[in-house]
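Visitor: I would like a close look at a single part of this model, namely the sheet and what is placed around it. Could you take me through that part with care?

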Amino acid sequence: MSLLIKNGEIVTASERTIADIFCEGEAISMIGRDLKAPPDAEVIDATGCYVFPGFIDPHVHIYLPFMGTYSKDTYETASKAALVGGTTTLIEMCCPARKDDALASFELWMAQAVGKSACDFTFHMGVTKFDATTEEQLREIVRRGISSFKIFLAYKGAFGIDDTELYQTLKLAKELGVIVTAHCENETLVAERSKELLATGKTDPAQHHESRPPRVEAEGVHHLMTFAELTGATTYIVHLSCQEALMEAIAARQRGVRVSIETLIQYLVLDKTYAELPNFEGAKYVMSPPLRDARNQSVLWNGLRDGLIQTVATDHAPFDFEKQKPMGRDDFTKIPNGIPSLEARINLLYTRGVKSGRIDLNTFVDIASTRAARLFGLFPRKGTIQPGADADLVVFDPNYRGTISATTQLMNVDYSAFEGWPIEGRPHIVTVRGEVAARDGKFVGTLGRGRFLQRTPSHF
Ligand code: URP
Ligand code: ZN
Ligand code: ZN
């Protein structure tokens, strides 16, 4: 089976060129002008389209037992949604509860994906406690092909680790060359402020932001940076939302701390007024860290443009508005946190970023694909277009015009945070290792074909 994509404008993180791409089996074998297809090849005319490397979402939750419920997607629904939206690789957070065994949890998370996913996938291994058994199991999990950990400085009593565990996790990561991704919010401040707000009758979704204002996140970043500095570990701040937190990370980077920064599409296009919508509508927009004051959006866009922020993810965490968000109708601390965005990330980033002139096409590819591949041990198999790379390709039609709606989305959740929003451009064809998996918003791929991506640590 071979595939020839003709006449598209190939865009990588560093180049733009019009050429043909020939894929044999699962990989790209040749790039050049006027390539001839063998008689049995599938030929795709990409004239007038961009051809991007398959996009990587480096922070998703698909199987997530959280806040007394479970996130709604499965690998069947999430991988379909990812693919129609141009995302061909998922990096999911494996999130054991503190009481759970790390290795058994890793196997549980793997079992959700293997034989079910239509796109390729790997995991950041959540370290939600640290003891001798966990340490041994983490070493084994790394041997099995995981090269990144995830830690939470928030979610007291659920996923959060204490400072001794933080120190030991970072030391182990440094020894193993593993990069540590971290949710940075000071959990004591969140807990105390939440108690105070609830005690004064402030229970609505808008209070979520008051319980964890920007300084709470900045303090979390500052804390992680101190520990990273003293252990020498390589860190990656997930879902950074605001200027205050960014300043802390940049200050640390300037003194030599090894840190990369992820923001989310939600923080780039939504602001805290959405979480203030009346009649509990704001619950659709509750996530952590919270949506921020709109002034932060230009800070984040400029940070991406100037290379201060490295990636744009979704932190996809789908909870239904009708049945799950109301768990917190009388207490904002019980609203399941998350704004589902997996399917819309690329279309929104292109529409609001590239079309609006905030970022150029090469930066778009870098922040949505290449940089994640480099940081998380997937490059050059993923994240670029070159001979030998997996044939994960997005033929993107910049002339498409449409709107986002929950009625047409493939994500298994009953609302869209972007209902009715216009999009300019969308994936026309999406391939996974040489096979067409999505076409014009429809999934046409193969469930179960997605592979676990084994990775080797490199952050020594
Ligand atoms: O609100 C969020 N972010 N939900 C998912 C869990 C997490 O913190 O990543
Ligand atoms: Zn988080
Ligand atoms: Zn997350």
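Guide: Helix H7, made of residues 214–231, lies across strands S11 (148–152), S12 (179–183), S13 (234–237) and S14 (259–264), and its direction makes an angle of about 170° with that of S13. Please keep in mind throughout that this is a predicted model. A further helix, H12 (residues 361–375), lies across S6, S12, S13, S14 and S15, and runs at about 70° to S6.

The strands just named belong to an open sheet of 8 strands, whose order is S6-S9-S10-S11-S12-S13-S14-S15 and whose pairing is parallel. Strand S6 (55–60) and strand S15 (311–313) each have a single partner strand and therefore stand at the edges, with one side of each left without a neighbour in the sheet. On average, and with direction ignored, neighbouring strands of this sheet are turned by 30° against each other. As one example of the pairing, strand S9 (residues 87–94) joins strand S10 (residues 120–126) in the parallel sense over 6 bridges, and Thr-89 has Asp-120 in S10 as its bridge partner.

From the sheet we can turn to a metal site. The zinc ion (ligand 3) has as its protein donors His-59 and His-61, each through NE2, and Asp-315 through OD, at 2.0 to 2.2 Å from the ion. Along the chain these donors follow the spacing H-x1-H-x253-D. The pair His-61 and Asp-315 links distant parts of the chain, since His-61 is in the loop between S6 and strand S7 (65–66), Asp-315 is in the loop between S15 and helix H11 (345–354), and 254 residues separate them. His-61 has a relative accessibility of 5% and so counts as buried, and Asp-315, at 8%, counts as buried too. The angles among the 4 donor atoms of the zinc ion (ligand 3) run from 86 to 137°, and the site is irregular; the cut-off that matters here is that four donors count as tetrahedral if all angles lie between 85 and 135 degrees. The zinc ion (ligand 2) is 3.7 Å from the zinc ion (ligand 3).

One helix pair completes the picture. Helix H8 (residues 243–254) packs with helix H10 (residues 295–305) at an angle of about 35°, and their axes are 9 Å apart. In this contact Gln-243, Glu-244 and Leu-246 of H8 meet Arg-295, Asn-296 and Val-299 of H10, a set that divides into 2 nonpolar, 2 polar and 2 charged residues.

Methods. Residues are numbered from 1 along each chain as its sequence is written. Chains are lettered from A and ligands numbered from 1 in the order in which they are written. This is a predicted model: local features need pLDDT of at least 70, side-chain atom pairs count only at pLDDT 80 or more; totals for chains, interfaces and linings use all residues. Side-chain values use heavy atoms; hydrogens and water are left out. Two strands pair if DSSP finds at least two bridges between them. Helices (H or I, at least four residues) and strands (E, at least two) are DSSP runs, numbered from the N terminus. Axes are lines fitted to C-alpha atoms, for helices over the stretch in contact, and angles run from 0 to 180 degrees between N-to-C directions. Contact means heavy atoms within 4.5 Å. Donors are N, O and S atoms within 2.8 Å of the metal (3.2 Å for Na, K and Ca); water is not among the atoms, so sites may look incomplete. Four donors count as tetrahedral if all angles lie between 85 and 135 degrees; four count as square planar and six as octahedral if opposite donors are over 155 degrees apart and all others between 65 and 115; anything else is irregular. Buried means under 20% relative accessible area, exposed over 50%, partly exposed in between (1.4 Å probe, protein chains only). Ala, Val, Leu, Ile, Met, Phe, Trp, Tyr, Cys and Pro count as nonpolar, Asp, Glu, Lys and Arg as charged, and the others, Gly among them, as polar.
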